[in-house]
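Me: Please take a close look at a single part of the model shown below. I should like one connected account, with each cut-off stated where its term is used.

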Amino acid sequence: MTDLIYEQPLNEKIRSYLRLEYLSEQLIQNLTHDYQHRCFYPLFSLCELNERCDYRSDVIKDIDKQLHLLNAWRSSPQANAQQIDELIASMMGMRESLQTPGRLGSELKQDRFLQALRQRFNMPGACCNFDLPQLHFWLGQPFEQRCHDYEQWIASFKPLLHTVSQLLKLTRDTAEFSSVTANAGFYQGVSDVPLSLIRVKVDTAQGCYPTISGHRNRYAIHFVDFDTQKHTDKAIEFQLAACR
């Protein structure tokens with residue numbers, strides 16, 4: 001049995017966080033596996049996202065919201081004050097790390113090697129050594145040296161990516177998975193409180209995957225048969241977590 005988790009954001013903030021988390025996971029993998037020139041795709045995607053939008057202000061607002069909630073929970077008799085204090089200290093540290101001047105990744109624009117690669121990477125098949133001899137040279141360096149370079153390139157993004165990861169963890173922790181059934185491949189849910197993320201865990205042996213839509217108070221899940229690429233009429237057992 002292999003369970004896969006599918007996630008659907010219900011607002012633009014969580015949508016952006018999930019994209020950043022996805023890129024962060026790829027960056028980390030590139031530090032432990034030699035993916036050759038493919039290591040640049042998540043780096044350039046991250047640069048482009050941060051050029052379009054400086055996420056730090058929204059992330060800081062989210063941290064302030066979490067700090068307000070944590071301070072409110074701390075006064076509860078059932079609260080673990082020590083654990084909450086540790087989390088508050090961690091959140092304060094993350095908030096401080098984001099308060100840096102300039103746009104994240106701006107120093108990479110001054111890197112002539114990266115800029116030459118970035119201009120070419122959107123062109124099909126443009127990573128040949130005759131197109132980018134400097135890339136051919138860099139890939140010929142020891143993996144340890146390339147990892148050192150890569151660490152320097154992603155360093156300015158790390159505070160943002162780490163904070164986003166922690167905020168997503170707090171979001172996911174607001175709901176536990178529970179077993180439900182999608183009769184005729186369809187399930188609809190409603191909530192009295194605003195939701196931000198829907199998580200669906202389903203066994204691949206059922207041969208289908210979910211498509212999820214909705215907004216903060218209502219959502220729908222349709223299961224699609226992978227082989228036919230059509231909506232299934234079977235009853236699908238799955239697990240659901242509706243996160244705030």
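**The open sheet and its surroundings**

Reply: Helix α1 (residues 12-30) lies across β1 and β4, running at about 135° to β1. Such packing rests on contact, meaning heavy atoms within 4.5 Å. Angles are taken between N-to-C directions on a scale from 0 to 180 degrees, with axes fitted as lines to C-alpha atoms, for helices over the stretch in contact. Helices (H or I, at least four residues) and strands (E, at least two) are DSSP runs numbered from the N terminus.

The model is predicted: local features need pLDDT of at least 70 and side-chain atom pairs count only at pLDDT 80 or more, while totals for chains, interfaces and linings use all residues. Residues are numbered from 1 along each chain as its sequence is written, and side-chain values use heavy atoms, with hydrogens and water left out.

The sheet beneath α1 is open and has 4 strands in the order β1-β4-β8-β2, with antiparallel pairing. Its edges are β1 (3-9) and β2 (178-182), each of which pairs on one side only. From one strand to the next, the twist averages 35°. Two strands are taken to pair if DSSP finds at least two bridges between them. Strand β4 (residues 197-203) is joined to β1 by 7 bridges, and the two run antiparallel. Within this pair, P9 stands opposite L197 of β4.

Q8, also in strand β1, shows how distant parts of the sequence meet here. Q8 and I198 are 190 residues apart in sequence, yet their C-alpha atoms are 5.2 Å apart in space. Leaving aside residues up to four places away in sequence, Q8 touches R15, S196, L197, I198 and I212. In the protein as a whole, among contacts with a separation of 6 or more, 72% join residues 24 or more positions apart.

A further helix also packs on this sheet. Helix α8 (residues 158-172) lies across β1, β4 and β8 (236-243), running at about 75° to β4. Helix α8 also meets helix α4 (residues 81-98): their axes come within 9 Å and cross at roughly 145°. The crossing of α4 past α8 is left-handed, that is, the near helix is turned anticlockwise from the far one by less than a right angle. On the side of α4 the contact is made by L87, M91, M94, S97 and L98, and on the side of α8 by P159, L160, H162, T163, Q166, L167 and L170. These residues divide into 8 nonpolar, 4 polar and no charged. Here Ala, Val, Leu, Ile, Met, Phe, Trp, Tyr, Cys and Pro count as nonpolar, Asp, Glu, Lys and Arg as charged, and the others, Gly among them, as polar.

Beyond the open sheet, strand β6 (residues 218-225) is largely enclosed by the rest of the structure, because 6 of its 8 residues are buried. Buried means under 20% relative accessible area, exposed over 50%, and partly exposed in between (1.4 Å probe, protein chains only). Strand β6 runs antiparallel to strand β3 (residues 186-190), to which 5 bridges join it, with F186 opposite H222 of β6. Strand β5 (residues 208-215) is likewise antiparallel to β6 and is joined to it by 8 bridges; S213 has A220 of β6 as its bridge partner. A hairpin of 2 residues leads from β5 to β6. Strand β7 (residues 230-231) is joined to β6 by 2 bridges, again antiparallel, and the partner of V224 in β7 is H231. The hairpin of β6 and β7 has 4 residues between the strands, and in it Q229 takes a positive phi near 55°.

As for covalent cross-links, the structure holds 0 disulfides, a disulfide being a pair of cysteine sulfur atoms within 2.5 Å. The cysteine sulfur nearest to that of C39 belongs to C147 and is 8.9 Å away; C39 itself counts as buried, at 6% relative accessibility. For C53 the nearest cysteine sulfur is that of C47, 15 Å away, and C53 is partly exposed, with a relative accessible area of 27%.

These parts belong to a protein with 8 helices and 8 strands, whose C-alpha trace spans about 55 × 55 × 30 Å along its principal axes. Of its 244 residues, 39% are buried.
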